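Student: I have a sequence and a model open in front of me. How do I start reading the features?

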Amino acid sequence: MKKIAELIDRELIWTQPSAFKMQYELRAGENVIATLNEVRSSEFGVRSSEFGVRSSECGVRSSECGVRSSEFGVRSSECEGRSSEFGVRSSECGVRRPRHAGAHNNPMSSTRIISSEYMQWAKMRSQSRFNLATSGLAPYPLADLGAAVEDLEINGPNPYGYEPLQQALAVRSGAAPGCVVAAAGTSFANHLAMAAIVEPGDEVLVETPVYEPLVSVARYLGCDVKRFSRCFESGFRIDPSEVERSVTSRTRLILITNLHNPSGVLTDRDTLRQVGEIALAAGARVLVDEVYLEMLRVEGTEQDCSALPYSFPLGPQFVATNSLTKAYGLSGLRCGWILAEPDLARKMWLLNDLFGATAAHPVERLSVLALRRIERIADRAKKLLEINRRLLLQFLDSRDDVETVRPEFGTVVFPKLAGGRVDELCSLLREKYETTVAPGIFFEAPDHFRLGIGCETDMLAGGLDRLSSALDEMR
Ligand SMILES: Cc1ncc(COP(=O)(O)O)c(C=O)c1O
């Protein structure tokens, strides 16, 4: 048994021994003085159904070592041990940075959630012979880009962006170059934009169901995440009146995806405008992740992008993020960007000096090349999706055990399983049918699964056949 006097000299930190297990240990130096076991994800916070906290074993009391429950922010529905003494509390946000003095003194000891469960799954577990879990277009090959060796030049003038790329992105998005901030994919665009807008303790209002990394980034940045719903019953549409009811005086950011991931549903300009007015009245900004809106440029008949509901032209409170990754099969290029009013854009560039500083120059050059040929790249995507969408619709028409909102465009749909459990369906698909779909639990909708149709047609056809067999087997 450790004496408290010995323990308080050292800092208490939460650690996660394995990145792949939701399991945490509270350590004082080498000593593990508490564990959280079988911590499960709920609403993408962290919930524990079973705590292995043994404060009595090590004789640590929160009051003695200055650790208060509110400082740990861990929720337990069932606690073994003396949780109230030990510093566990109900919180939506999961494990947070402990705010006791020790942790502040040591910048290496951050214990915020600094990972994304969904991304780990997507990177390590979503692959299969028939992969319907991806949301982007099948990869576009370098060989078709017509690159010369000069297009791979290693070094170039890019202190705050590479001028030709800045120009090309500005032209493409109809914004002034000073409003464009280049970023590595929409992922980093979202992170950089949020980091420049919010401060710890700010409230961020986010749609549900949601693309989980958006929530994880907001929480990582120390924000209080509040939600508004996009209900299946109302076609996953945004209801501005619910957004209005959910906004408070602390709301600094409203987060939306358009097209919506996971449902693929389009939000029209009128709705965006209403959300913008709500944000303006609250002194908040609206971040719209438009990575799938590019699909309308690929699939739609609209060649004129001013006809599409891009959010940035709707007012200075709007910040838009985007990339060439999803709609064009160019994920490896990581060609992403943010559109923001000039002062905020400048702030993002300066903040980026603390992150990536400068971009990989060959990628900037290849991105310029890709943007020059974007119509050709889009054409290939359009043809693929025309065929694939027909297969999807045939599949959906043939099933009475899934209910699906059917958006006109995009690479994903989010069917609801009418009977049975989605986790069982996913296991059966993976284990017996070599097929993967994205489980709805990752989007906070456990009765749904996300089906991607951007893959090669053979893969989609094979995967849908197998999905049908698995659904039949589950009847
Ligand atoms: C809504 C949304 N934003 C961003 C991303 C990541 O995009 P990128 O590959 O451009 O980083 C994804 C990927 O699935 C996504 O669904």
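Tutor: Start with burial. A residue counts as buried if 20 or more other C-beta atoms lie within 10 Å of its own, as exposed if 12 or fewer do, and as partly exposed in between. Keep in mind that this is a predicted model.

Student: Which residues of strand 13 are buried under that rule?

Tutor: Strand 13 spans residues 318–323, and six of its six residues are buried. On one side are Phe-318, Ala-320 and Asn-322, and on the other are Val-319, Thr-321 and Ser-323. Both faces of strand 13 are therefore covered, given that a residue with 20 or more such neighbours is called buried.

Student: What share of the protein chain is buried?

Tutor: Of its 475 residues, 46% count as buried. The protein chain holds 19 helices and 20 strands.

Student: What does strand 13 pair with, and in which sense?

Tutor: Read a strand's neighbours one at a time, each with its direction. Strand 12 pairs with strand 13 in the parallel sense, over four bridges. Here Asp-289 stands opposite Thr-321 of strand 13. Strand 14 (residues 335–339) is joined to strand 13 by four bridges as well, but these two run antiparallel. In that pairing Ala-320 faces Leu-339 of strand 14.

Student: Where does strand 12 lead if I follow the pairing the other way?

Tutor: To strand 11, which pairs with strand 12 (residues 285–289) in the parallel sense over five bridges. The bridge partner of Leu-253 in strand 12 is Arg-285. Between the two strands the chain passes through helix 12 (residues 269–282), and this β-α-β crossover is right-handed.

Student: Which strand is joined to strand 11 by four bridges?

Tutor: Strand 9 (residues 203–208), and the two run parallel. Val-204 stands opposite Leu-253 of strand 11.

Student: Why is strand 11 described as largely enclosed?

Tutor: Count its buried residues. Strand 11 covers residues 251–257, and seven of the seven are buried, so the rest of the structure largely encloses it.

Student: What should I look for in the loop after strand 11?

Tutor: Look at the peptide bonds. The bond from Asn-258 to Leu-259 is cis, with omega near 0 degrees. Another cis peptide bond joins Asn-261 and Pro-262, with omega about 25 degrees. Leu-259 lies in the loop between strand 11 and helix 12, and Pro-262 is found in the loop between strand 11 and helix 12 too.

Student: Which other backbone angles deserve a check?

Tutor: Check phi for positive values in residues other than glycine. Ala-357 has phi near 65 degrees, and Glu-434 has phi near 55 degrees. Ala-357 is in the loop between helix 15 (342–352) and helix 16 (361–372). Glu-434 is in the loop between helix 18 (422–433) and strand 18 (435–436).

Student: Are these two residues buried or exposed?

Tutor: Use the neighbour counts. Ala-357 has 8 other C-beta atoms within 10 Å and is exposed. Glu-434 has 14 within 10 Å and is partly exposed.

Student: How do I read a helix?

Tutor: An α-helix has 3.6 residues a turn, so residues three or four places apart point the same way. For a particular helix, check its span and its burial. Helix 9 has 13 residues and reaches 18 Å from its first C-alpha to its last, close to the 18 Å expected at 1.5 Å a residue. Twelve of its 13 residues are buried, including Phe-188, His-191 and Leu-192.

Student: What does helix 9 give to the shell around the ligand?

Tutor: Helix 9 (residues 185–197) gives the most to that shell, with three residues. There are 13 residues around the ligand, and those that come nearest are Gly-185, Thr-186, Ser-187, Ser-323 and Thr-325. Ser-323 is also one of the buried residues of strand 13.

Student: What is the chemical make-up of the shell?

Tutor: Sort the residues by class. The shell has two nonpolar residues, ten polar and one charged.

Student: How do I find the edges of a sheet?

Tutor: Look for strands that pair on one side only. One open sheet has three strands in the order 16-20-19, with antiparallel pairing. Its edge strands are strand 16 (412–413) and strand 19 (438–439). Two bridges join strand 19 to strand 20 (residues 449–452), where Arg-450 is the bridge partner of Ala-438.

Conventions:
Residues numbered from 1 in each chain as written. Predicted model: local features only at pLDDT ≥ 70, side-chain atom pairs only at ≥ 80, totals over all residues. Near = placed C-beta within 6 Å. Nonpolar A, V, L, I, M, F, W, Y, C, P; charged D, E, K, R; others polar. Pairing = 2+ DSSP bridges. Right-handed = clockwise from strand over helix to strand, strands pointing away. Expected span 1.5 Å × (residues − 1).
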